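User: Let's go through this model with a few pointed questions. Keep the answers short.

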Amino acid sequence: MIKTIIEPFKIKSVEPIKFTTAEYRRRILKEAYYNLFLVKAEDVLIDLLTDLGTAAMSSKQWAAIMDGDESYAGSKSFFKFEEVVKRLTGFRYIIPTHQGRAAEKILFTIAGGKGKVIPNNTHFDTTRANAEFSGAEAVDLPVPLALETDKYGDFKGDIDLEKLDDLIKRTGKEQIPFCMLTLTNNSVGGQPVSMKNIRDTRELLNSYEIPLILDACRFAENAYFIKLREPGYSGKTVEEIAHEMFSYADGCTMSAKKDALVNIGGFLALNDGNLAEKARSLLIMTEGFPTYGGLAGRDLDAIAQGLAEVLDEDYLKYRIRSVEYFGDKLLREGVPVLVPTGGHAVFLDASRFLPHLPARMYPGQALAAELYLEGGIRSVEIGSVMFGKETDGVFKGAPLELVRLAIPRRVYTQSHIDFAAEIIIEVFKRREKIPGYRITYEPPYLRHFTAHFEPTEN
Ligand code: F0G
């Protein structure tokens, strides 16, 4: 029986990658203060830093780019984009932005503010930063299973409805302008949210008249997991499932740099006309005229085409299976991987990988540095560097110490993934010798991007 799921495309244009020596990488990493965000991309062999804006566009998307209409107002590209997004989401008002966080910034500016509370299954870091910058409090309510990296669950991305109800009762519904659901739940491992959880969230919010906004960056991956795992959905198309997911919400923020398969773009979609009016006024001041947002006309064409391609089930089968394939290879060798693997990335559990390093020695940072030194693989720490704090000498760690290997869409082939797995397994074999790190410089906000580190002596 034939079991191999092949990449559902052939390659028309290639970009060479640079091979380096271990000695070269040691020098580069030291010069970058052991922070992979400060390493030049050309010094990376396989870049698994993020799945954001790193997709390979299709020949049809490149053709659509040539068809872009760059008129300031009323561009034909906008109407094509608007029609595709309306058909997909069913929302009434579609506002293009240059990426997801620009949509978040507008939404939180018009609906957030001091004293407001925003619940979410888990806020992504820019979502949290935008909520907090507006003066609001961002509250994460993942289900308890989400924090157990070694326990399987079909929908570990769900929101905890009991805690949500408690929060609304304690806070008062007037203080909650909307509740969010992040599909898939990036921060807990790219785990999906079930249709039942979306529907039940909607019902609970209805009783308090609180709107629901989806963070829809990875909506197609989420819909495909529902098709695979949730009773009653195997016979539906991913498009039908996506329609149903959106039907329970009052709007969404979207980073098109993920499931619209483009390198730049996003949107805010809303049903409330008053809110949309306010959003558009702000858009004109910060992003651009409402028929292009922060984008060129051609980008809108590429998004419209990408949204059609991402719903192709041969693509989604390959996408989800290739991430799972990566995870399975590591699990077979005993590498501690967050299970089940999510939609866009494999997450290594650095606390179990490097049990000799306590959180304050940043095991995730140590592991990410080692993967680069061993094989030029770039990953990202999602642990106490990103979410921990040290206030007045008191260290507060993150709930999980993870290293994320995010897979860009349609970019790497199976042999790149095989190679990356071999590098991780090599590092795993010599894990006891890996040193911890200390921070030698940090900026006041979002320190992971620019902090400096040095290895500690074990
Ligand atoms: N929401 C989620 C769940 C995200 O993962 C991201 C970005 C955003 C919002 C913001 O969108 O980048 O277009 O402004 N995630 C990237 C990542 C940065 O690497 O996971 P954006």
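User: Which ligand atom lies 2.9 Å from a backbone N or O atom of glycine 100?

Analyst: This is a predicted model. The backbone of glycine 100 supplies an N or O atom at 2.9 Å. A polar contact needs a pair of N or O atoms within 3.5 Å. The ligand's partner in this pair is an oxygen atom.

User: How far is an oxygen atom of the ligand from the side chain of threonine 50?

Analyst: Threonine 50 is among the residues that come nearest to the ligand. Its side chain offers an N or O atom to a ligand oxygen. Arginine 218 also places a polar side-chain atom by a ligand oxygen, at 3.0 Å. For threonine 50 the distance is 2.7 Å.

User: What share of the ligand's accessible area does the protein cover?

Analyst: On its own, the ligand has 480 Å² of accessible area. Polar atoms of threonine 50 and arginine 218 lie by its oxygen atoms. The protein covers 95%.

User: Which helix gives the largest share of the shell around the ligand?

Analyst: The shell holds 16 residues. They divide into 3 nonpolar, 7 polar and 6 charged. The largest share is 3 residues, and it comes from helix 4 (residues 100–111).

User: Is threonine 184 buried or exposed?

Analyst: Threonine 184 sits in the loop between strand 5 (179–182) and helix 7 (195–208). Beyond its neighbours within four places in sequence, its contacts include Arg218, Glu221, Asn222 and His344. Its relative accessibility is 0%, and the cut-off is under 20%, so threonine 184 counts as buried.

User: Is lysine 169 buried or exposed?

Analyst: Lysine 169 belongs to helix 6 (residues 161–171). Its relative accessible area is 57%. The cut-off is over 50%, so lysine 169 is exposed.

User: Which residue has a side chain joined to that of lysine 169 by a polar contact of 2.8 Å?

Analyst: Tyrosine 208 is 9.5 Å from lysine 169, C-alpha to C-alpha, and 39 residues apart in sequence. The polar contact involves another residue. At 2.8 Å, the side chain of lysine 169 is joined to that of aspartate 165.

User: How many residues does domain 2 bring to the contact with domain 1?

Analyst: The chain is divided into domain 1 (22–51 + 313–456) and domain 2 (59–309). Their centres, taken over C-alpha atoms, are 27 Å apart. Domain 1 gives 28 residues to the contact, and domain 2 gives 32 residues.

Technical notes
Residues are numbered from 1 along each chain as its sequence is written. This is a predicted model: local features need pLDDT of at least 70, side-chain atom pairs count only at pLDDT 80 or more; totals for chains, interfaces and linings use all residues. Side-chain values use heavy atoms; hydrogens and water are left out. Helices (H or I, at least four residues) and strands (E, at least two) are DSSP runs, numbered from the N terminus. Buried means under 20% relative accessible area, exposed over 50%, partly exposed in between (1.4 Å probe, protein chains only). A polar contact is a pair of N or O atoms within 3.5 Å; within protein, one must be able to donate a hydrogen and the other to accept it, and residues adjacent in sequence count only if both atoms are side-chain atoms. A residue is near a molecule or strand if one of its heavy atoms lies within 4 Å of it. Accessible areas come from the Shrake-Rupley method with a 1.4 Å probe; for residues, only the protein chains shown count as cover. Ala, Val, Leu, Ile, Met, Phe, Trp, Tyr, Cys and Pro count as nonpolar, Asp, Glu, Lys and Arg as charged, and the others, Gly among them, as polar. Domain bounds come from an automatic or database domain assignment. Contact means heavy atoms within 4.5 Å.
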